[in-house]
Amino acid sequence: MTLHAITVLGHDRPGIIAEATGRLAGLGLNLEDSTMTLLRGHFAMMLVCEGAAEDADIEAALAPLAADGSLTVTVREVPVEAVAPAAGTSWILSVHGGDRPGIVSAVVAVIAGVGGNITDLTTRLAGDLYLLVAEVDLPAGVDVASVERDLAVVAADLGVGVTLRAAETDEL
C-alpha cells in the first residue's frame, strides 16, 4: 500500500469535506490522519490516506473540487515511516495576549531548545487578542520547571501570558 499526502485549500463552502472524502473512499483510500480548519475564511485540509491508487488517479478524482478555481488540490506520495511512541510526556501549551509578530517562533524555540516536539499547533486572532494552543511532547528527563521558567521569560518579553500543563492521557 502507498501513503498519499493530499491538501485542499481555498474559499470555504459547505460540502468540501464530504465531497473530497467521498471521492477518496471511492478510490479505496483509507483516511489515516487529517486536519481540517478555516483560516481567515479559507478552507484548509491536509490528509494522509493509504491505498493502492496512483497520484494521477487521485488528482483526477479530486479535480472537480478545483474546477471553478476556488480550491487548489495537491497530491503527493509520501514514504511510509514507522512512528516511534513518544518517550517523554505530553503537554498542552497555551499562549494568549496582544498580537504581534514573533510570538509563535519565540515560544516554539523554547520547546525545540530542549528537544521537544510540537505535534499540533493552532493559532487564532480575534481582534487584537492572539491565542496559540499546542500539543507538545517533551523528552523524558527534561526539567519541566526550567522549561516553564524559560517560557515565562519569553512571554514577558512578548507581553503575553503562557501556560504549560500536563495533557490528558486518554487517546482518541
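1. In this predicted model, the side chains of glutamate 19 and arginine 23 meet in a salt bridge, with a distance of 3.5 Å from N to O. These two residues are 4 residues apart in helix 1, which covers residues 16–26, and so about one helical turn separates glutamate 19 from arginine 23.

2. Glutamate 19 also has a partner in arginine 13, since the side chains of arginine 13 and glutamate 19 meet in a salt bridge at 3.3 Å, again taken from N to O. The structure holds 2 salt bridges, and Arg13, Glu19 and Arg23 are linked by such bridges in a network.

3. It is worth asking how open these residues are: do arginine 13, glutamate 19 and arginine 23 count as buried, partly exposed or exposed? The class of partly exposed lies between the cut-offs of 20% and 50% relative accessible area. Arginine 13, at 28% relative accessibility, therefore counts as partly exposed; glutamate 19, at 26%, counts as partly exposed; and arginine 23, at 31%, likewise counts as partly exposed.

4. Turning to helix 2, a student can check its length by a simple calculation. The helix has 12 residues, running over 55–66, and at 1.5 Å a residue it should span 16 Å. The expected span is 1.5 Å times one less than the number of residues, which is the step that is easily missed when repeating the calculation. In the model the end C-alpha atoms of helix 2 are 16 Å apart, and this agrees with the expected span.

5. Which residues of helix 2 are buried? They are Ile58, Ala61, Leu62 and Leu65. When one looks down the axis of helix 2, its buried residues fall within an arc of 85°, and so they line one face of the helix. On the other side of helix 2, Ala56 and Ala60 are exposed.

6. The buried residues of helix 2 pack against three elements, namely strand 1 (2–11), helix 1 and strand 4 (71–78). Helix 1 is also the element that holds both glutamate 19 and arginine 23, which is a useful link to the opening point.

7. Finally, an unreviewed UniProt entry carries the annotation "domain: ACT" for residues 5–80 and 92–165. Over residues 5–80 the chain is 30% helix and 46% strand, with the end C-alpha atoms 11 Å apart. Over residues 92–165 the chain is 35% helix and 45% strand, and here the end C-alpha atoms are 5 Å apart.

Notes: Residues numbered from 1 in each chain as written. Predicted model: local features only at pLDDT ≥ 70, side-chain atom pairs only at ≥ 80, totals over all residues. Heavy atoms only, no water. Salt bridge = Lys/Arg side-chain N within 4 Å of Asp/Glu carboxyl O. Buried < 20%, exposed > 50% of the residue type's maximum accessible area, 1.4 Å probe, protein only. Arc of directions from axis to C-beta. Contact = heavy atoms within 4.5 Å. UniProt positions renumbered as here; feature names shortened; annotations may be inferred.
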